[in-house]
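Happy to look at this one with you. Let's take the labels in turn and see what stands behind each.

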Amino acid sequence: FSENVLGSFSHPDAKPTARGAAAGVERQSSASGQPWREVYRTTSESLSSTVCVDSGRGYAKYGLASSRAPAVLQICQPGQECTQASLLGTALRRLGLRRATLPAYSAIVSEPFKYAGDQDRGFSAPGRRGREAWRADTEQQLLHGFGVRRLAIVDSASLCLFSHRLTSGVVVNIGFGKTFIVPVLGGSIVRSAVRHLELSGMELTQHMANLLHHAGHDCSWRPEFGGDEIPPITVARNIKEAGLEAFPTSLHDHFGHSPLAIGQVLRRTDPPTKQVRFGGATFELGWERFVCAEFVFHETGGEDEGDLPLHRGVMQAVDAAVDAVARGEAEAVAVGSSGDALRSALLRRIVLSGGSANIAGLPERLAHELEALRRQQPGS
C-alpha cells in the first residue's frame, strides 16, 4: 500500500482524486492541484473556523478542528436533547456560533457507518439510497440552511484509518446498535464487502446487567454512587465500561465447557478479580467480566451474516474485498496487492472503533481468533 499521505477529498462525494497512485506519488488535492501535505500546511490557520461533527448514533462528538479533542460529547438518541435530525443545529448552537458568522466557517461531517454498504437492510443499514438521501439532507442543512462556506462529508471508516495514518485497511466499528465491518482500499470503501453484525454495545450492556445480577451485584441506584439518580441498566453500562475484559483465548477451551453455563462458571474458585469503583461504591468482579466479552466471539451456529461472531465477520469481509479486487470491482492500491498478499495486508491493518471497541484485551483476542481462522484455510 502507498500510505505516505493521508489522502484528499472534494465536495460532495468525498472520493480520493487519484486512486491507484504509484508508491511514493502524493495524491493531488482537487481543490488546488497541490499535494495534500502542502494544502494542509497552507490551510492550517483556518482550523479555528472549521467545525467537525462526528454523527454517531449513540453519542455524537463535535468541536472546532483547532482543538485537540471534541468540545462536546453528547447522547444522540430519540427522546434525548439531541437526535440525528437535530444534531447539526444543536452542534452549532452549543459551540456558540451565531448564524451571522456562519458564512466564515467550513464544516467536516463524518458519514455514519450505517451508510457504508450499498445493500438496503432497513433503518440500521439503509444502503445507497439512504446514503444519498442523508448526504443531500446534510448539504441542504449546512450549505443552504445555515450558510456555511464549505462542506466536506467523509465516510467514518476512512477517517478512522486516516487517524492511524492509513488509507487502506479494515475498520471494525462496534457501535451502539450494530457492528459494521468496513474494508477500505486507497481511501475508498469496498461497499460490496461491508458486513453488518447484530453485536452491539447496547447488547453487551444487557448481557453485563444479567451477569451482574447472577453474580449477586445490586445495580439499583443508591446515594453512595453520587450524582443524579440513574437506572440500573446505566449502572451496569458504567461497570461494563470500567471492568469488561476479553480473555486471551477461548473461555470454552479454558473451562472445558461453555462459558454461557453461568451457574457453573460463577461457582469456580479461581476468579481473576478486579475492583471497579462507582462513586463511593466498589464492585468486585470475577469471571463475569470475561464472560460478557465472550459474547463477542460466541459461535451461535447461525447462517445469517448478522449472527456471525466478530472474527468470522472480519474474515468474511476481508475475503469479500479480495474477491471484489479479483473481479475488477475494486482497486488494490499497490502492484501485486491481490489474493493472499492483499488478504494478509488487510488483516495487518485492522482498526477498532466505537465505544465497545475499548474492551481491554479485545485487539489481542481478535488477532488470536483471526490467526486460528487463517490456519484453517487451505494452503495456509
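Q: How is long-range contact in the chain described?
A: Among contacts between residues at least 6 apart in sequence, 60% join residues at least 24 apart; contact means heavy atoms within 4.5 Å. A word on the basis: this is a predicted model, in which local features need pLDDT of at least 70, side-chain atom pairs count only at pLDDT 80 or more, and totals for chains, interfaces and linings use all residues. Residues are numbered from 1 along each chain as its sequence is written, and side-chain values use heavy atoms, with hydrogens and water left out.

Q: Why is Thr 90 called buried?
A: Buried means under 20% relative accessible area, exposed over 50%, and partly exposed in between (1.4 Å probe, protein chains only). Thr 90 has 6% relative accessibility, so Thr 90 counts as buried. Across the chain, 47% of the 380 residues count as buried.

Q: What is Thr 90 in contact with, leaving aside its neighbours within four places in sequence?
A: Its partners are Tyr 62, Gln 74 and Cys 82. Thr 90 itself sits in helix α2 (residues 87-94); helices (H or I, at least four residues) and strands (E, at least two) are DSSP runs, numbered from the N terminus.

Q: What makes β1 and β4 a pair?
A: Two strands pair if DSSP finds at least two bridges between them. Five bridges join β1 (residues 50-54) to β4 (residues 106-111), and the two run parallel. Asp 54 stands opposite Ser 110 in β4.

Q: Which strands are the edges of the open five-stranded sheet?
A: The order is β3-β2-β1-β4-β5, with mixed pairing. Strands β3 (72-75) and β5 (150-155) are the edges, as each pairs on one side only.
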